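Here are a few short exercises to work through with the viewer open. Try each task yourself before reading the solution under it.

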Amino acid sequence: MSIWPDEKVLTPGEAEFDTVDMTINIGPQHPATHGVFRMILRVDGEVVVDCEPYIGYLHRGLEKLTEANDYRQAMGYWDRTDYLAGMACEHAYVMAVEALAQIDVPERAEYIRVIMAELSRINSHFLFLGAFGADVGSFGTSFIYAWRERERIYDLFEEVAGDRMFPTYMRVGGVAMDLPDNFEQRCRWLLGSIRQGIEDLDGLLTGNEIFVERCRNLAPMTSERAIALGITGPILRSTGLPWDLRKAEPYSVYDRMKFDIPWRPDLQGDVFDRFWMRLSEMYQSARIIEQCLEQMPKGGLVLNPDLPKTLRVDNGEAYIRYEGTKGEYGVYAMSKGGNKPYRMKLRSPSFCNLSALREMVIGSYVADAIIILGSLDIVLGEVDK
Amino acid sequence: MTPFSFGGELFGMWNWLDAVVRVVIVVTAMTLVVMYLTYGERKVVARFQQRLGPTKTGPAGLFQAFADALKLVAKEDIRPTNADRWVFELAPYATFVPVFLVLLVLPFAKDWGVRNLTLGMFFVFAVLGLNIVGIIMAGLGSGNKFALLGGVRAAAQMISYEIPLVLSLLAVAMVAGTLDLNQIAMLQEDRPFIVLQPLAFLIFFTAMLSEMHRAPFDIPVAESEIVGGYFVEYSGIRWSMFQLTEYASMWGFSVFGSVVFLGGWAFPFGEDWGWGWQLALTFMKSIAWILTIFWIRTTVPRLRIDQLMAFCWKVLLPLSIVQLVANGFILVYDWPQELLTATSGAGAVLLIAIIITRSVRRPKNKYVGSYRQVGVTS
């Protein structure tokens, strides 16, 4: 008799040492899936034989909703794609619409946008570090350490934009309002706090032998394979290929910034390298924000004053590539006149990165499958759109 | 002799009534201690994580334990339809009873305890081995694959770690020359056995963490992988019995460990200071032991099952056997006791060295601290 009704029951005639693979359903409600992702693992004991990912539980029809709304109204939906880095998604969206409608942006607004986008990159990477620590099993300590800094970043967002997670702060042609008076001082204090927070997490996780032992040499990936799968962002950089759109095709004011792409000669794209890459990138983001604060014009407009009340765009199309927190965030916009886009398309980096999951997971232990999924750092809002 | 001494003064005529009264006292005390251990863990862990922990229920959240207990009792006791009914329902008792049986032989002070058995230490391992049965019952009977994985992991882990656990205790028993826990405590009046057998202490501590499934060996209950493991399907009172078992075994192991290695009630004041001091000493030592467990839990991540097994069979087991052999030579030829400290200390240094060399050997270590210097472009 089997307690699992869906599985093959061995009859006495069959070989006594045959084993039966078991399927385990992880998700959509499971602490390790970081949202509503579902993967069905076939396991032979503790070893994963096959993995079948299921997505779509968070599909909200982003592209269609954008096509049904005015260019400005649609902004709020784009915050909710990569909901850990709302500002960066808004930035990509407004850049696409500006490219489509050929609208200029005041210089101060560009700097403000970059500051906000980099802060949300730090925010997103903090969540990764905390949640990844919890996946590996550090009982929430890493999570709470990361949360302290995230709360401070959100407090700053609230002061600037009036909302924490989904600020809807950027506008086509600039940003909604100027920064508050004490912004520079607060932001510098925040950067100090962020650096301290990164060092705390670094000490807690990379300083721990068990953590390193769990992550090193696990699911390595070559640059060629990563490119073939369409993987971008920190995961691609962790394979040893220093490809960052902020350097390769600088947009906004990134060409004026000095920052490094973290790199080591022995990068092999394993779980530890992905972790290391995100940890190192956060220092670079903090550097960029500091330079923005110095270079930013002290006054002036933050929104293009020549914009019409309702934005109407002629026939045309535009595609922008944006270095999002998870990888290459591509927005395609097409207009056939009127105040709504005819077609919007999001190339979401998490979706492409997720395609590597199956081949990474096969042959590993169940416990490793969980941390491999964690190391891909997917956001379901972006995968399912 | 106090009314509580092991001679059975309390109800001298009726030995069975004396035993019943003692058991009731110990079990009640234990339940209260366990309730406050959960509160204590929440508070201590919260401080480690820059939080406050429970604050609302009573002064400083002190009644939180009662509120939790009340909530758990009031919850519905759910049995999944595809669970094996009797196996599922009896599993909590099968895990709960052995752990409470351990309490029968623990000497909390010279004269305070339920019964003093001459084979007390042997009784402790014998009874703790039964714990596994309940966990496997819970894992198999729940009709849930996460529970099954948890139960199987727990079985593999507990059976493997029982061997170094027992061997490390045998080393102490060789030195003491007795298995009577009260005698063992009394022998440590001048110096606790941790001084003579530091390696045994390290092995015992590690194996104990594993037996209790505390971090970094919480593989059977891994929250982020198999969401609670063998007790994933339990709710209400049955779930709280598993929880009670976990904390009771933590407390039991802490008292047992402090009796065997830290001198229990005897070190450093001996018998002269009376039972109040003896109880306080046992209590303080076991609390220190428990706080260390909490500290480890908040800091370290979880091992993987193969790493866990490798650590047991390749590191702990050989070292504990080497220690037994060394002890044998020293005791048989009546060599001075300092040699026990020397050999076991060398083993302890070796164990720590094995762990440290593994960390030093990681090739990436030299880059880890230098994010700001490394980069391709600027």
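**Exercise 1: the overall make-up of chain A**

How many helices and how many strands does chain A have? Then judge its compactness from the radius of gyration.

*Solution.* Start with the count: this predicted model gives chain A 15 helices and eight strands. Next, take the radius of gyration, which is 22 Å for chain A. The globule rule gives 21 Å for 385 residues, and the two values are close, so chain A is as compact as a globular protein of that length. For the dimensions, the C-alpha trace spans about 85 × 50 × 35 Å along its principal axes. To finish, look inside: 51% of the 385 residues count as buried. Of the contacts in chain A with a separation of 6 or more, 70% are between residues 24 or more positions apart.

**Exercise 2: checking a helix**

Work out whether the length of helix 3 of chain A agrees with its number of residues, and describe its surroundings.

*Solution.* Helix 3 covers residues 86–101, which makes 16 residues. The expected span is 1.5 Å times one less than the number of residues. That gives 22 Å for helix 3, and its end C-alpha atoms lie 23 Å apart, so the two agree. Now the surroundings: 15 of the 16 residues are buried, and therefore helix 3 of chain A is largely enclosed by the rest of the structure. Just after the helix comes A:Gln102, with a positive phi near 50°.

**Exercise 3: reading a sheet**

Find the strand order of the open three-stranded sheet in chain A, and say which strands stand at its edges.

*Solution.* The order is 1-2-3, and the pairing is antiparallel. Strand 1 (22–26) and strand 3 (47–54) are at the edges; each has a single partner strand, so one side of each lacks a neighbour in the sheet. Neighbouring strands are turned by 20° against each other on average, direction ignored. Now zoom in on one pair: seven bridges join strand 2 (residues 38–44) to strand 3 of chain A. As an example of pairing, A:Arg42 has A:Asp50 in strand 3 as its bridge partner.

**Exercise 4: weighing confidence**

Decide where in chain B the predictor is least and most confident among the elements.

*Solution.* Begin with the average: chain B has a mean pLDDT of 82, with 91% of its residues at 70 or more. Among its elements, helix 14 (residues 365–368) has the lowest mean pLDDT, 36, while helix 8 (residues 198–211) has the highest, 90. Then check the weak stretch: over residues 360–378 of chain B, pLDDT stays under 50. For the complex, the predictor reports an ipTM of 0.79 and a pTM of 0.85.

Notes
Residues are numbered from 1 along each chain as its sequence is written. Chains are lettered from A and ligands numbered from 1 in the order in which they are written. This is a predicted model: local features need pLDDT of at least 70, side-chain atom pairs count only at pLDDT 80 or more; totals for chains, interfaces and linings use all residues. Helices (H or I, at least four residues) and strands (E, at least two) are DSSP runs, numbered from the N terminus. A residue is buried if 20 or more other C-beta atoms lie within 10 Å of its own, exposed if 12 or fewer, and partly exposed in between; C-beta atoms are placed from the backbone. Two strands pair if DSSP finds at least two bridges between them. Axes are lines fitted to C-alpha atoms, for helices over the stretch in contact, and angles run from 0 to 180 degrees between N-to-C directions. The radius of gyration is taken over C-alpha atoms; the globule rule is 2.2 Å times the number of residues to the power 0.38. Two residues are in contact if their C-beta atoms, placed from the backbone, lie within 7 Å. pLDDT is the predictor's confidence in each residue, from 0 to 100.
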